[in-house]
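Biologist: Could you take a close look at one part of this model for me, the surroundings of the ligand? Then walk me outward from there into the neighbouring parts of the chain.

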Amino acid sequence: MPFLSAALDRVKPSATIAVTDKARALKAAGRNVIGLGAGEPDFDTPANIKLAAIQAIEAGKTKYTDVTGIPELKEAIIAKFQRENGLVYKPNQVIVSTGGKQVLYNALVATLNPGDEVIVPAPYWVSYPEMVALAGGEPVSVVCPADTGFKLKPEDLEKAITPKTKWIILNSPSNPTGAAYTRAELKALTDVLVKHPHVWVMTDDMYEHLVYDDFQFTTPAQIEPRLLDRTLTVNGVSKAYCMTGWRIGYAGGPASLIKAMATIQSQSTSNPCSIAQWASVEALNGPQEFIPANNKAFKERRDLVVSMLNQAKGIDCPRPEGAFYVYPSCAGTIGKTTPSGKLLGNDEDFVTELLESEGVAVVHGSAFGLGPAFRISYATKTSDLEDACKRIQRFCGNLR
Ligand SMILES: Cc1ncc(COP(=O)(O)O)c(C=O)c1O
């Protein structure tokens, strides 16, 4: 349609949102559907955080704020980076935006010129390549298969770097695989990156707090201080603090980059919601005890789902280090036929037929750049997970 921008030809709508919408529509039509597509904790926002928002409203903190965030939240972010990551930032090196999503998008819009390449290890969060393309850059996907733990190997990183590479996007723990880099694995990558001073590092640490079995989270600038002046360390309150709807994300990085991102934000959305900012001050500065309590539940669910999926015929499910996703292969089901006569030609057929016949909504792996596989979000109540895994076992068992 001539009215629409050519930029739209470069982007696809989100597959994860599409699955969630389809599951919702089937539910509304009276079907018994279990949705395992959405990437958000089922736990409610903690009461102290909600109270901080209520108090902010009552105190009239309802006006525009500084574009890059209220000073109190920036101080809380600076303290968090120092306390948890050993990273030292000044207020002009921090920005608060409407979700981590806007942080990432601002950074790409502020830096990419046509032809600039961004290395995106696959499987990747669906938005990375689309945001890069929208910002006029070229996403360069590097496939990281299950037998490397879905992690980028230093030699593959080295091969992917060209004179046009502007950024590499790292995401650990990962959406969609849950894979997280150990300190040694990350060090092997930062050793490559120090040799290529034109490559900047965008690290998406959104799932930092969601790690299990004593896994120690680390972030690139913490491991390799020589990368600090070309690293954007992105984080947010959505996942660990159960605040997806509040829309607060933030980043620390070089002042010149943060200033450029602030310029983009000042001419598009201005400050993120003032009330959500005050709630986030409480999230970062307040009690943190609910995080290990939630993680205990997530770990139990992960173990349940991995074990039950590995009992399904044709499914192979690795046990990831973190986040709330598993990324099983369904290679053993491809080429088989459902009782109704549908041939499963790829993972998209697998998830479509699974939803049709058993009412379980999951997202196909090819949407994340590596199939045949699918992503399950286990941020759902345990009884539903158990039921969903039984349905997947039955679906796979009925294939011929
Ligand atoms: C890897 C990753 N990064 C960033 C985000 C965006 O988070 P938000 O915009 O809610 O802060 C998400 C949300 O699903 C994610 O999975």
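Modeller: Here is the ligand site, followed by a few other spots in the chain. Keep in mind that this is a predicted model.

Let's start at the ligand. It has 13 residues around it, and the closest are G100, D204, S238, K239 and R247. Two of these also turn up with short polar distances. In the side chain of D204, an N or O atom sits 2.5 Å from a nitrogen atom of the ligand. For K239, a side-chain N or O atom is 2.6 Å from an oxygen atom of the ligand. You can add N175 to that picture, with a polar side-chain atom 2.8 Å from a ligand oxygen.

Next, have a look at E208, which belongs to the loop between strand 6 and helix 8 (220-223). Is E208 buried or exposed? Its relative accessibility is 6%, so E208 counts as buried. The side chain of E208 has a polar contact with the side chain of K80, at 2.8 Å. Leaving aside residues up to four places away in sequence, E208 touches K80, E84, N85, P173, F217 and N235.

For the opposite case, try P197, in the loop between helix 7 (183-194) and strand 6 (200-204). P197 counts as exposed because its relative accessibility is 59%. From P197 to L227 you go 30 residues along the sequence, while their C-alpha atoms are 8.7 Å apart in space.

Now for the helices. Helix 4 (residues 99-111) and helix 9 (residues 255-266) have axes that come within 9 Å and cross at roughly 105 degrees. That angle means helix 4 is roughly perpendicular to helix 9. On the helix 4 side, the contact is made by Q102, V103, N106, A107, V109, A110 and T111, and helix 9 brings in L257, A260, M261, I264 and Q265. By class, the residues of this contact are eight nonpolar and four polar, with no charged ones.

Another pair to check is helix 11 (residues 290-309) with helix 13 (residues 382-397): their axes come within 9 Å and cross at roughly 10 degrees. Helix 11 and helix 13 are therefore roughly parallel to each other. Here R301, L304, V305, M308 and L309 of helix 11 meet T382, L385, E386, C389, K390, I392 and Q393 of helix 13. The contact of helix 11 with helix 13 has seven nonpolar, two polar and three charged residues.

Technical notes:
Residues numbered from 1 in each chain as written. Predicted model: local features only at pLDDT ≥ 70, side-chain atom pairs only at ≥ 80, totals over all residues. Heavy atoms only, no water. Axes fitted to C-alpha atoms, helices over the stretch in contact; angles between N-to-C directions. Helix = DSSP H or I, 4+ residues; strand = E, 2+ residues; numbered from the N terminus. Parallel < 35°, antiparallel > 145°, perpendicular 65-115°, else oblique. Contact = heavy atoms within 4.5 Å. Nonpolar A, V, L, I, M, F, W, Y, C, P; charged D, E, K, R; others polar. Buried < 20%, exposed > 50% of the residue type's maximum accessible area, 1.4 Å probe, protein only. Near = heavy atom within 4 Å. Polar contact = N/O pair within 3.5 Å; in protein donor to acceptor, adjacent residues only side chain to side chain.
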